[in-house]
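Q: I've got a structure open here and want to understand the labels people put on it. Can we go through them together?

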Amino acid sequence: MKKGSAIYEFLKGIWKDNPVLVMLLGMCPVLAVSNTVINGFAMGMAVLFVLVMSSLVISTIKRIIPSQVRIPSFIIVIATFVTIADLFLRAQFPDISKALGPFIPLIIVNCIILARQEAFASKNNPWKSLLDALGMSIGFTWVLVLLGLVRELLGFGTVAGFRVFGTWFEPWIVMILPPGAFITLGIFVGLQKLIMRRTG
Amino acid sequence: MKLALRMISVLTGIGLFSGGSLALTYNATIRKIEDNERKAKELAAKEVIPGATRVEETVIDRACSYFKGYDEAGNLVGYAVMNAEPGFQGNIKLIFGVTPDFKRSTGLIILDNVETPGLGNRIVEEPWRAQFAGLALPGEAVKGTRSAENQIVAITGATISSDAVVRIINNGLAKFQEALK
């Protein structure tokens, strides 16, 4: 995999430069909505939509934006797509929208998205920006879903709402509370580092 | 000067584009969103008024409104009151059924809450909520065992949330009776 090649730009966000495990960006939604598998997945999809659309728009219009106003321009573009995603979820999936609460509108200030605009989309062409955005949001989503899986299993005894453990299981309430998110995330970050070191 | 003009025109352009696309999305979704909210409320109201197949909402204030429940034949079978007030960590929004003589509650559904999961959050659980069906009003939360018709047993470790639910119901009932006068 050559640095700068299309496949590299896509894959880097999934593992090597994973936004959650390596860059530790966007911690607020990661900690808050990874309490169940469904919430984690829905959040990941919302971020995917916003990141892909914003990266496409920004990389297309990057030449006409004066650098002095680039941040406000990025924020307006991001906010537009976040609001569209929020309205869509409220119309089509009211239950998910309710469960995610304020965290959908808060994608506007999610640093993963702004960071990708500043560090990548404003310097690369739309094709590479699309691959970068897809890779980063898939990287974000799989970590959220896996976190949700562990926390939901131990905190509720269910997976995606289906009961896995019988009535003998005493739920670990700490897992659905913020400390559970920190503990699980810490273990994940450590594991990722360990595997990276082993595989070089 | 040239740069200032360019900054202004680019930001204006992006703003116009953003506003336009949001207006379109809003128009396309708002009806569905309001529909969803109304359906969720009406479904809850029908559930707490036994025998109701049709409900009519009357708004009292920003946090509180009541529903009249009718059966198939169009007879009034009961009321439901929706009220929201602070609980332990944030607002608890709930809806409860009231008999036509205002003396008893006929059921309770918690619509929104941000109480502690595993403790205060247990107010949404069925066995606890079941205490509100047939409860004499105004209610009272007690520890241990119930000794009067208007008492419910508070959740162990979540007295504040349990008290809050009862308080929200009592205040909602008062507002509702005031509004009916």
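Q: What share of the accessible surface of chain B belongs to carbon and sulfur atoms?
A: This is a predicted model, by the way. In it, carbon and sulfur atoms hold 57% of the accessible surface of chain B, and that surface comes to about 9800 Å².

Q: Why is C28(A) called partly exposed?
A: Its relative accessibility is 46%. Buried would need under 20% and exposed over 50%, so C28(A) lands in between.

Q: And what makes C111(A) partly exposed?
A: Here the relative accessibility is 35%. That value also sits between the 20% and 50% cut-offs, so C111(A) counts as partly exposed.

Q: How do you know that C28(A) isn't in a disulfide?
A: Check the sulfurs. The closest cysteine sulfur to that of C28(A) is in C111(A), 8.9 Å away. A disulfide needs the two sulfur atoms within 2.5 Å, so this pair is too far apart for a bond. Looking from C111(A), the closest cysteine sulfur is the one in C28(A), again at 8.9 Å. Over all chains, the count of disulfides is zero.

Q: How does the radius of gyration of chain B sit against the rule for a compact globule?
A: The rule puts a compact globule of 181 residues near 16 Å, but chain B has 22 Å. Along the principal axes, the C-alpha atoms of chain B fill a box of roughly 80 × 45 × 30 Å.

Q: How many helices and strands are in chain B?
A: Three helices and eight strands. Along the sequence, the pattern reads α-β-β-β-β-β-α-β-β-β-α.

Technical notes:
Residues numbered from 1 in each chain as written. Chains lettered and ligands numbered in written order. Predicted model: local features only at pLDDT ≥ 70, side-chain atom pairs only at ≥ 80, totals over all residues. Heavy atoms only, no water. Helix = DSSP H or I, 4+ residues; strand = E, 2+ residues; numbered from the N terminus. Rg over C-alpha atoms; globule rule 2.2 N^0.38 Å. Areas by Shrake-Rupley, 256 points an atom, 1.4 Å probe, with all protein chains shown as cover. Buried < 20%, exposed > 50% of the residue type's maximum accessible area, 1.4 Å probe, protein only.
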